[in-house]
Amino acid sequence: MKMYGNWRSAAAFRVRIALNLKGIPYEEIFIDLDAGDQHRPEFRAINPQGAVPALFDGDGPPLTQSLAILDYLEETRGGPALLPAEPRARARARSLAQVVACDTHPLYVPRVRTYLMEAYDLPRERMMGFVRHAFETGLRTLETRLAGEDGTGRFCQGDAVSHADLCLVSLWVGTGIFGVETAPYPTVRRIAEDCLALDAVARAHPLRQPGAPA
């Protein structure tokens, strides 16, 4: 497999973890988002949205959107199951994943931050306040659910890693990048730290990827 990604992309981080957990060899091609590589015609031909990740599996067209890629890997590859078999537990894992990937992460991606600053002359510090608000809203939702619902175990859904954990840890790592206060979210912290202790997650960590700052 070949994946176009970026070291700091939370979505690419999620996919790298799944590939590592399932033992799937892959090559990642670095797209420099700061330099605007995502807007180049050759990359727009791969993903018209200009976003990473984009995953090639064989000769078919690229797969985009991290949750769709995670589902594809779950449905076509062996290795550890990353979704529960029981329907209600599977739905809960997906719901928790979507809190991050659908309702939180999209609010602070570079294209949204850049648009708000340029279109509304938003100073950087006010923009960062918006970003931290997005993080806090997502983290508060996760903490409330994970601390209060019966399905939580060592990980988000029981004692096995699922898509929910891949999304949770991708959000958690971003708290350090954006200076988000994490003390109010002890359950999220516990699960994130258990995830980060796994070799497959550690190897996928943004700061261990090409292009990351030293």
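**Notes on the α6/α8 packing and two residues to look at**

1. Helices α6 and α8 are roughly perpendicular to each other, because angles from 65 to 115 degrees count as such. In this predicted model, the axes of α6 (residues 124-148) and α8 (residues 186-196) cross at roughly 85 degrees and come within 8 Å.

2. Which residues make that meeting? From α6 come Leu139, Leu142, Glu143, Leu146 and Ala147, and they meet Pro186, Thr187, Val188 and Ile191 of α8. By type, the residues of this contact comprise 7 nonpolar, 1 polar and 1 charged.

3. Glutamate 143 deserves a moment of your time. This residue of helix α6 is buried yet has no salt bridge. Its nearest side chain of opposite charge is arginine 190, 8.2 Å away, and a salt bridge calls for a side-chain nitrogen within 4 Å of a carboxyl oxygen.

4. What does glutamate 143 touch instead? Leaving out residues up to four places away in sequence, its contacts are Pro184, Tyr185, Pro186, Thr187 and Val188. Among these, Pro186, Thr187 and Val188 belong to the α8 side of the helix contact.

5. Now to histidine 205, which sits in the segment after α9 (199-204). Once neighbours within four places in sequence are set aside, histidine 205 is in contact with Phe13, Arg16, Val173 and Leu196. For arginine 16, the chain separation from histidine 205 is 189 residues, while the C-alpha atoms of the two are 8.6 Å apart.

Conventions
Residues numbered from 1 in each chain as written. Predicted model: local features only at pLDDT ≥ 70, side-chain atom pairs only at ≥ 80, totals over all residues. Heavy atoms only, no water. Axes fitted to C-alpha atoms, helices over the stretch in contact; angles between N-to-C directions. Helix = DSSP H or I, 4+ residues; strand = E, 2+ residues; numbered from the N terminus. Parallel < 35°, antiparallel > 145°, perpendicular 65-115°, else oblique. Contact = heavy atoms within 4.5 Å. Nonpolar A, V, L, I, M, F, W, Y, C, P; charged D, E, K, R; others polar. Buried < 20%, exposed > 50% of the residue type's maximum accessible area, 1.4 Å probe, protein only. Lys, Arg positive; Asp, Glu negative; His and termini not counted.
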